[in-house]
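This report covers the surroundings of two ligands. The structure comes first, then the notes on each site.

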Amino acid sequence: MFQNRQVTRWILLAALLLLSALSAILLQQAQSLRPAPPALSTPVETSYSTEPILPIPLEIPLDNNKVALGERLFQDTRLSSNNQTSCYSCHNLAAGGADRRRHLRTGQQDYGMTNTLTVFNASFNYKIGWDGRFASVLDHLDDPVNNPSALGSTWEEIVARLAQVPEYKQSFRQMYPDGLNVTTLKDALTVYQESLYTPNSRFDQFLRGNKAALTATEQAGYDLFKSYGCVSCHQGVNVGGNLFQRFGVMGDYFADRGDITPADLGRFNATQDEADRHVFRVPSLRNVALTAPYFHDGSAQTLEQAITIMGTYQLGRSLSETEVDQIAQFLRSLTGEYQGKSLEE
Ligand code: HEC
Ligand code: HEC
């Protein structure tokens with residue numbers, strides 16, 4: 001009886017092992033058969049389909065008239081209550097789509113405490129804002145428009161003001177059956193933001209198969225970026241922008257920096273969930289060479305400083321000067337083109 005049970009157990013165990021081995025093999029096969037995720041609207045080329053970073057599509061079809069209208073709105077100070085500020089005031093395309101300031105002011109509870117994020121490639125991010133509170137660039141628009149630190153306005157006020165400008169009334173009527181209203185205004189601004197993509201960086205050329213597009217040092221930097229695990233957080237088409245992660249995984253960044261502000265709480269501000277304290281949407285590293293200073297608090301002056309801090313607090317690794325330099329050179333190869341012209345300075 002006892003022996004029989006023992007035997008049955010062994011047979012069961014062997015069967016289980018066999019089953020799990022079989023399913024592991026099947027799973028592996030299924031995974032190798034599964035096609036790589038497509039790079040948005042462009043077809044996947046096999047040369048980069050195994051890489052954790054995807055190139056930005058070279059061309060995204062958009063209505064050029066709406067793009068031009070959205071661009072005018074983006075630069076128009078009539079969107080602000082004091083008629084002095086536009087989106088462009090903080091998102092200067094000649095300054096990497098941001099403003100090069102640490103942050104707008106100090107001692108405030110609102111987003112005036114965070115470093116300006118770039119508008120370039122923002123529409124590829126799966127959530128918008130440092131704390132990822134917004135679902136899309138469309139969903140985010142209310143924030144800069146209403147926020148007293150930005151435009152301090154209301155949509156109704158803006159529509160009323162723009163309705164006084166014959167050119168706007170005419171353009172909207174030509175492009176939208178409903179003419180100028182809150183919905184069409186938001187749409188034009190959204191289409192314009194979707195046009196702010198920066199393809200064809202040297203790194204993307206490398207991904208598309210031109211191995212000579214990167215120097216040996218830049219390739220060494222990319223290898224470190226992958227082998228040290230930066231890529232576990234900074235990945236996909238935007239080299240970031242598709243995950244939430246804590247700032248300070250391997251050390252307490254905030255205790256070391258001191259002087260904690262409400263903005264430092266990150267996603268906690270949106271969810272009130274303890275697990276979200278100091279959690280941020282991982283930022284995109286596209287064109288990162290152009291958008292110093294770095295981090296939500298604008299505390300890192302140089303790319304090298306930011307990389308060193310990432311090594312310490314996200315990976316628990318003290319990077320050597322050579323490694324930091326190699327990674328910095330790789331990150332500089334992520335600077336792309338806007339409307340066919342390199343953003344490189
Ligand atoms: C006074 C400066 C200021 C103005 C004006 C301003 N922004 Fe911003 N913008 C910021 C700051 C600061 C952030 C980061 C906010 C945060 O998430 O904490 C930001 C974030 C963004 C983002 C998020 C990007 C990402 O990666 O998630 C987008 C998109 C954006 N702004 C678009 C606009 C648009 C469109 C307008 C005009 C309607 C505008 N901004 C006006 C300062 C400004
Ligand atoms: C565990 C996830 C994680 C890892 C690993 C990681 N990062 Fe980050 N990275 C983040 C988060 C989150 C932020 C935003 C922090 C903040 O400002 O609040 C960030 C910010 C950055 C920034 C600043 C971007 C900007 O626009 O301000 C750079 C540069 C950067 N990381 C590079 C790297 C490099 C290089 C490595 C590897 C050495 C790395 N990161 C590893 C999550 C990560």
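## Iron site of ligand 2

H234 counts as buried, with a relative accessibility of 10%, where buried means under 20% relative accessible area, exposed over 50% and partly exposed in between (1.4 Å probe, protein chains only). M310, at 23%, is partly exposed.

H234 (NE2) and M310 (SD) are the protein donors of the iron atom of ligand 2, at 2.1 to 2.2 Å from it. Donors are N, O and S atoms within 2.8 Å of the metal (3.2 Å for Na, K and Ca); water is not among the atoms, so sites may look incomplete. Because H234 sits in the loop between α10 (216–227) and β1 (244–246) and M310 in helix α13 (residues 303–315), the pair ties together parts 76 residues apart in sequence. Helices (H or I, at least four residues) and strands (E, at least two) are DSSP runs, numbered from the N terminus.

The 6 donor atoms around this iron atom subtend angles of 88 to 179 degrees, so the arrangement is octahedral; for six donors, that requires opposite donors over 155 degrees apart and all others between 65 and 115.

## Contacts of ligand 1

Polar contacts here are pairs of N or O atoms within 3.5 Å. A polar side-chain atom of H91 lies 2.9 Å from a nitrogen atom of ligand 1. For N125, a polar side-chain atom is 3.0 Å from an oxygen atom of the ligand.

## Basis

The model is predicted: local features need pLDDT of at least 70 and side-chain atom pairs pLDDT 80 or more, while totals for chains, interfaces and linings use all residues. Side-chain values use heavy atoms, without hydrogens and water, residues are numbered from 1 along each chain as its sequence is written, and chains are lettered from A and ligands numbered from 1 in the order written.

Technical notes: A polar contact is a pair of N or O atoms within 3.5 Å; within protein, one must be able to donate a hydrogen and the other to accept it, and residues adjacent in sequence count only if both atoms are side-chain atoms. Four donors count as tetrahedral if all angles lie between 85 and 135 degrees; four count as square planar and six as octahedral if opposite donors are over 155 degrees apart and all others between 65 and 115; anything else is irregular.
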